[in-house]
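Reader: I should be grateful for a close look at a single part of this model, followed by a connected account of its surroundings. Please proceed directly to the details.

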Amino acid sequence: MGTSWCVKLGEFPPGLEPAVLEAELAQILHLVDERMSTYRADSELSRFNESRSTDWFPVSAGTAAVVAAALEISEEDDSLEDDDETSG
């Protein structure tokens with residue numbers, strides 16, 4: 001991934017071993033890197049960005065969820081700008 005990560009917990013979940021939590025978090029971050037990295041030519045995001053097709057592009061449910069959230073945030077941001085323009 002080319003970076004480091006750190007997790008700080010106010011309270012450690014009872015019954016969970018630190019090594020197990022670390023392994024689960026590492027697996028999740030590895031999956032995100034595989035799908036979303038702009039530094040990996042084989043990631044879903046990089047393959048999408050390189051595609052010149054206007055056809056539908058298959059992605060994982062996780063990538064689709066991130067894109068949907070980004071579009072929703074963008075629409076909310078646009079509506080805030082519209083509000084600023086009409087109130088000024």
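Author: Pro 58 sits in the loop that joins H2 to helix H3 (61-87). In this predicted model, Pro 58 has a relative accessible area of 67% and is therefore classed as exposed, the cut-off for that class being over 50%. Pro 58 and Phe 48 are ten residues apart along the chain, and their C-alpha atoms are separated by 8.9 Å.

The loop on the other side of H2 offers a second residue to examine. Ser 37 belongs to the loop between helix H1 (18-36) and helix H2 (44-50). Its relative accessible area is 8%, so Ser 37 counts as buried, a class that requires a value under 20%. The side chain of Ser 37 places a polar atom 2.9 Å from the backbone nitrogen of Tyr 39. For the backbone nitrogen of Arg 40, the distance to a polar atom of the Ser 37 side chain is 3.2 Å. When neighbours within four places in sequence are left aside, the residues in contact with Ser 37 are Val 32, Ser 43, Leu 45 and Ser 46.

Ahead of these loops, Trp 5 is located in the segment before H1. With a relative accessible area of 36%, Trp 5 is partly exposed, because this value falls between the 20% and 50% limits. Trp 5 also takes part in a nonpolar patch on the surface, together with Val 7, Leu 9 and Phe 12. The accessible area of these residues together is about 340 Å².

Conventions. Residues are numbered from 1 along each chain as its sequence is written. This is a predicted model: local features need pLDDT of at least 70, side-chain atom pairs count only at pLDDT 80 or more; totals for chains, interfaces and linings use all residues. Side-chain values use heavy atoms; hydrogens and water are left out. Helices (H or I, at least four residues) and strands (E, at least two) are DSSP runs, numbered from the N terminus. Buried means under 20% relative accessible area, exposed over 50%, partly exposed in between (1.4 Å probe, protein chains only). A polar contact is a pair of N or O atoms within 3.5 Å; within protein, one must be able to donate a hydrogen and the other to accept it, and residues adjacent in sequence count only if both atoms are side-chain atoms. Contact means heavy atoms within 4.5 Å. Patches are made of residues with over 30% relative accessible area and no salt bridge: like charges are joined within 9 Å, nonpolar side chains (Val, Leu, Ile, Met, Phe, Trp, Tyr) within 5 Å. Accessible areas come from the Shrake-Rupley method with a 1.4 Å probe; for residues, only the protein chains shown count as cover. A salt bridge is a side-chain nitrogen of Lys or Arg within 4 Å of a carboxyl oxygen of Asp or Glu.
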